[in-house]
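I opened this model to look up its sheets, its salt bridges and a few backbone and surface details. My entries follow in the order in which I looked.

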Amino acid sequence: SVPGLAVLNVDGTFDMEFELKAMEGGRPNFAKIVDLTPYSDIHKPHLVISGTFTKYAGVTRQGFLILDMKGNAIQRFNVPGRFYGELHDAQYSLTSDNTNGLLLTGDFSSFDGKKMNNIVMLKVDLEENTNNEP
């Protein structure tokens with residue numbers, strides 16, 4: 001069978017703007033929509049996913065990724081090293097240096113290729129490119 005994931009609107013209908021891309025090597029085991037800018041006037045919800053997959057849309061994504069609400073992987077937020085296990089929750093939180101972060105908890109032993117024990121704070125940079133370089 002093909003791994004699947006659907007996003008629903010508040011009224012229970014399918015969000016037709018979300019399109020899950022091809023997932024290879026496994027399937028998702030956790031997904032949650034998290035607003036990564038809860039204190040802003042412009043909200044940026046993202047989908048946090050863990051699983052046994054090794055690729056998403058043909059690109060190596062080893063067990064963890066963050067998607068925008070259309071199903072596109074946000075490259076700079078994705079973990080280059082292997083994630084082993086599954087998430088149980090993902091919550092927005094400020095990091096110790098007062099930047100946007102995700103507090104990830106679950107049953108996992110490796111995150112970004114480093115030994116972890118079921119909890120990690122991930123710093124997420126949501127700043128848009130504001131310089132005028134080409």
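**Entry 1: the β2-β3-β6 sheet**

I looked up the first sheet and found three strands in the order β2-β3-β6, forming an open sheet with antiparallel pairing. β2 (28–35) and β6 are the edges, each with a single partner strand, so one side of each has no neighbour in the sheet. From one strand to the next the twist averages 20 degrees. For that angle, axes are lines fitted to C-alpha atoms, for helices over the stretch in contact, and angles run from 0 to 180 degrees between N-to-C directions. Strands here are DSSP runs (E, at least two residues), as helices are (H or I, at least four), numbered from the N terminus. Two strands count as paired if DSSP finds at least two bridges between them.

I note the sources here: the model is predicted, so local features need pLDDT of at least 70 and side-chain atom pairs count only at pLDDT 80 or more, while totals for chains, interfaces and linings use all residues. Residues are numbered from 1 along each chain as its sequence is written, and side-chain values use heavy atoms, with hydrogens and water left out.

I then went through the pairings. β2 and β3 run antiparallel and are joined by seven bridges. Strand β3 (residues 45–51) is joined to β6 by four bridges, also antiparallel. Which residue is the bridge partner of F30 in β3? I found S50. S50 in turn has F64 as its bridge partner in β6, so I could follow one line across the sheet from F30 through S50 to F64.

**Entry 2: the faces of β6**

I checked whether the side chains of β6 (residues 64–67) are buried or exposed on each face. Both faces are covered: F64 and I66 are buried on one side, L65 and L67 on the other. Buried means under 20% relative accessible area, exposed means over 50%, and partly exposed is in between (1.4 Å probe, protein chains only). In a regular strand the side chains alternate between the two faces of the sheet.

**Entry 3: the β1-β4-β5 sheet**

I found another open sheet of three strands, in the order β1-β4-β5, with antiparallel pairing. Its edge strands are β1 and β5 (59–60), each pairing on one side only. Two bridges hold the antiparallel pair of β1 and strand β4 (residues 55–56). At this pairing I saw E24 opposite K55 in β4.

**Entry 4: salt bridges**

How many salt bridges are there? I counted three, taking a side-chain nitrogen of Lys or Arg within 4 Å of a carboxyl oxygen of Asp or Glu. Side chains of opposite charge can pair when their charged atoms come close.

- K32 pairs with D89, with the closest N and O atoms 2.7 Å apart. The pair links distant parts of the chain, with K32 in strand β2 and D89 in strand β7 (residues 84–94), 57 residues apart. K32 is partly exposed at 24%, and D89 is partly exposed at 25%.
- D97 pairs with K123 at 3.2 Å between the closest N and O atoms. D97 lies in the loop between β7 and β8 and K123 in strand β10, so the pair ties together parts 26 residues apart in sequence. D97 is partly exposed at 44%, whereas K123 is exposed at 52%.
- K114 pairs with D112, the closest N and O atoms being 3.3 Å apart. K114 is partly exposed at 46% relative accessibility.

**Entry 5: positive phi**

I looked for positive phi in residues other than glycine. Most residues other than glycine have a negative phi, and most peptide bonds are trans. D112 has a phi near 55 degrees; D112 sits in the loop between β8 (100–111) and β9 (114–115) and is partly exposed, at 26% relative accessible area. N118 has a phi near 75 degrees. N118 lies in the loop between β9 and β10 (119–123) and is partly exposed at 34%.

**Entry 6: a surface patch**

Last, I looked up a nonpolar patch. L8, F14 and M16 form one on the surface, with about 390 Å² of accessible area together. Patches are made of residues with over 30% relative accessible area and no salt bridge, joining like charges within 9 Å and nonpolar side chains (Val, Leu, Ile, Met, Phe, Trp, Tyr) within 5 Å. Areas come from the Shrake-Rupley method with a 1.4 Å probe; for residues, only the protein chains shown count as cover. F14 is in the segment before β1 (23–24) and is exposed, with a relative accessible area of 53%.
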